[in-house]
Amino acid sequence: MRVSRPASAGLAAPPATPPAAPLAAPLATPPAASLCRSALTRALAAPLAAPLCRSALTRALAAPLAAPLAAPLAASLCRSALTRALAAPLAAALLAAALVGCDGDDPKAQASAGAQAGAGAGAGEAAGEAAGAEAGAGEAAGEAAGAGEAAGEAAGAGAAAGAAAGEAAGAEAGARPPACLGGDAFGLRAPPAALALAPEGAKSAPLLAALPAGGHVLAWLGAGEGGQNYLHVQRLGDALEPLGAPRVLGRAKGAQHTLHAHSTGFVVAWIHQRSAALATEGVYFQSFGLDGEPLAEPTLLSGSFDATALAGGWESAVGGMLVYARPSGVFAHPFSADRVVPAPVSVTTASGRDLAVAFGGARWAAVWRQAEADGTVTVVLQALSETGAAAGEARRWPNAQVEGRLAFAAGGGLYALAWSAPDTRVFGDAPLIVYLRLLDDAGEELSVLPLDGQGGQGGQGGQGGQGGQGGAPRGDMAVSAVSWLNPSLFVVSWHTFATPQAPGALGLSRVNTSGQALPPVVYAPAQGELLAESRLSGLASEALLTLTLDPTPSPTGLFSSAARVAVAPVGPCAP
């Protein structure tokens, strides 16, 4: 397979360039406290402050903390070096109000901000030098030169304050540096920890969703009657502690279940195998309240008795969509918070496998693998109407070298589609890497990124990877999921298997909506452990990684009786 990488130009809007006023200099160093007291500033800051830092530094650190971010903003606003120098401290103060959010004492935020405050001081000094230089060179400018000198003095004062604040923050945060496992500035903030879930026995295939009223809900497969896999649902508190006993929904067929939280509760759908609880096989749908109690008996979807694969998606503004495959084709069922449309809507008469579905902002889209008569595999992407019917022509990738599962997500007006395939840049016995495709809301391919886990887009990385440090993975990369993290990140979660030569690894490859691959996270657990079925939920600044942790995996690739559901916090951090 030959992989092309067309440019993703056009995804980013050009910056605006309105002129800036020299009056920025007197406003360059307003007290952060006064900014925080302003109701308008607080209102503007809240949407940015909430996802970036739930708690933050003291008001004194606000201006220098934002200084490194101020220069790009000033550059986009001003055409001359003088006005850039004048605008930077003002932008710093305004950005600080948003970043800091005016309250809190989170030690991790303080640790990160301490380092940034020092950088802010340096930016202030640079602004002062630039303004002073232009002032000296512009003797003929007269008043402009005087304004530049004033701006230089003001920036120098801000720099001194920033340096003092940075030293204070560094001293306070030095005793509690935030951890960063597997990456340099973004990674796991703690090793994966198994949840204390009942009953005893193997647990796998976790799906986690946050409830709007607080806490979470978790669905997973665990041992039940006769040692078979049963689907369990468990409410969790804010600290992920189990609340009450898990509810057993029925005997599940593989990891074919889906979980979606909404404002009044959550819904679960799964492919059921015959059991004492439910005698009829097929796809079942059930809705629950925020207290975890079912609102109705499970609904069996009509004609789904021979379903082989299931996927679901939820979007609060439009509702949800279930898609499942049978030997006779692929079918869709829209659903709401408390009911599902029981009659199937035919999407295609060709059978599919390995389904996924997502809402791209304008419409639903489903993807699946389709076996062809010549033995090849085609990956199909089909847009869906609000009723679940096919909308327009399908997008196809024929002769796709897919290994493992498809992973699919939507965010920022884009779709992200990923699967593992042989590295086409290597001759001979090529290892499996991840190929991520960014698509627009019409399904047109914008870019193809080969993600090899070694740093950026097919770049070279360090040779770490031991004891939770970042570095190049060893062995084939198996995709688990693609997750969308607001405000601008797709994260592909994947893993490699342990070999006699090297341990396995858990990987998180980040790609922004401009098609740029950011440095990956590669976390190596203890020798022999397998970290699989991982996916992220939450925000880019504060996410939860949910996965199956197996300390003694079977040589056949099956989970052992020691497999457990585990979680780890993920986000910006310090090395």
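Seven strands, written as 7 in the order β3-β4-β5-β6-β7-β8-β9, make an open sheet with antiparallel pairing. Strands here are DSSP runs of E with at least two residues, helices are runs of H or I with at least four, and both are numbered from the N terminus. Two strands count as paired if DSSP finds at least two bridges between them. At the edges sit β3 (203–210) and β9 (299–300), each of which pairs on one side only. Strand β8 (residues 282–289) runs antiparallel to β9 and is joined to it by 2 bridges; in one of these strands, β9, L300 is the bridge partner of Y284.

A word on the model: it is predicted, so local features need pLDDT of at least 70 and side-chain atom pairs count only at pLDDT 80 or more, while totals for chains, interfaces and linings use all residues. Residues are numbered from 1 along each chain as its sequence is written, and side-chain values use heavy atoms, with hydrogens and water left out.

**Backbone features**

Most residues other than glycine have a negative phi, and most peptide bonds are trans. You can look up two residues with positive phi and two cis peptide bonds in this table.

| Feature | Where | Value |
|---|---|---|
| Positive phi, A205 | strand β3 | about 50° |
| Positive phi, D354 | strand β14 (residues 353–359) | near 60° |
| Cis peptide bond, A198 to P199 | P199 in the loop between β2 (193–194) and β3 | omega near 0° |
| Cis peptide bond, N486 and P487 | P487 in the loop between β22 (478–485) and β23 | omega about 10° |

A205 is buried at 7% relative accessibility, and D354 is buried with a relative accessible area of 18%. Buried means under 20% relative accessible area, exposed over 50%, and partly exposed in between, using a 1.4 Å probe and protein chains only.

**The nonpolar cores**

A nonpolar core is a set of buried Ala, Val, Leu, Ile, Met, Phe, Trp, Tyr and Cys residues joined through side-chain atoms within 4.5 Å. The largest one has 42 residues, and F408, W419, V482 and V492 have the most contacts inside it. Strand β19 (residues 414–422) gives the most to this core, with 7 residues. Another core, of 20 residues, lies apart from it and includes F186, L508, L549 and A566.

Contact means heavy atoms within 4.5 Å. Not counting residues up to four places away in sequence, W419 touches, among others, V379, W397, L406, I433 and V479.

**A disulfide across the chain**

The structure holds 1 disulfide, a term for a pair of cysteine sulfur atoms within 2.5 Å. C180 and C573 form it, with their sulfur atoms 2.2 Å apart. The two cysteines are 393 residues apart: C180 lies in the loop between α6 (143–173) and β1 (186–188), and C573 in the segment after β28 (564–572). C180 is buried at 7% relative accessible area, and C573 is buried at 13%.

**Two buried residues to look at**

T378, in strand β16 (residues 377–384), is buried at 4% relative accessibility. A polar contact of 2.7 Å joins its side chain to that of E372. Such a contact is a pair of N or O atoms within 3.5 Å; within protein, one must be able to donate a hydrogen and the other to accept it, and residues adjacent in sequence count only if both atoms are side-chain atoms.

G504 sits in the loop between β23 (489–496) and β24 (505–512) and is buried at 2% relative accessibility. Leaving aside neighbours within four places in sequence, G504 is in contact with T496, F497, A498, A524 and P525.
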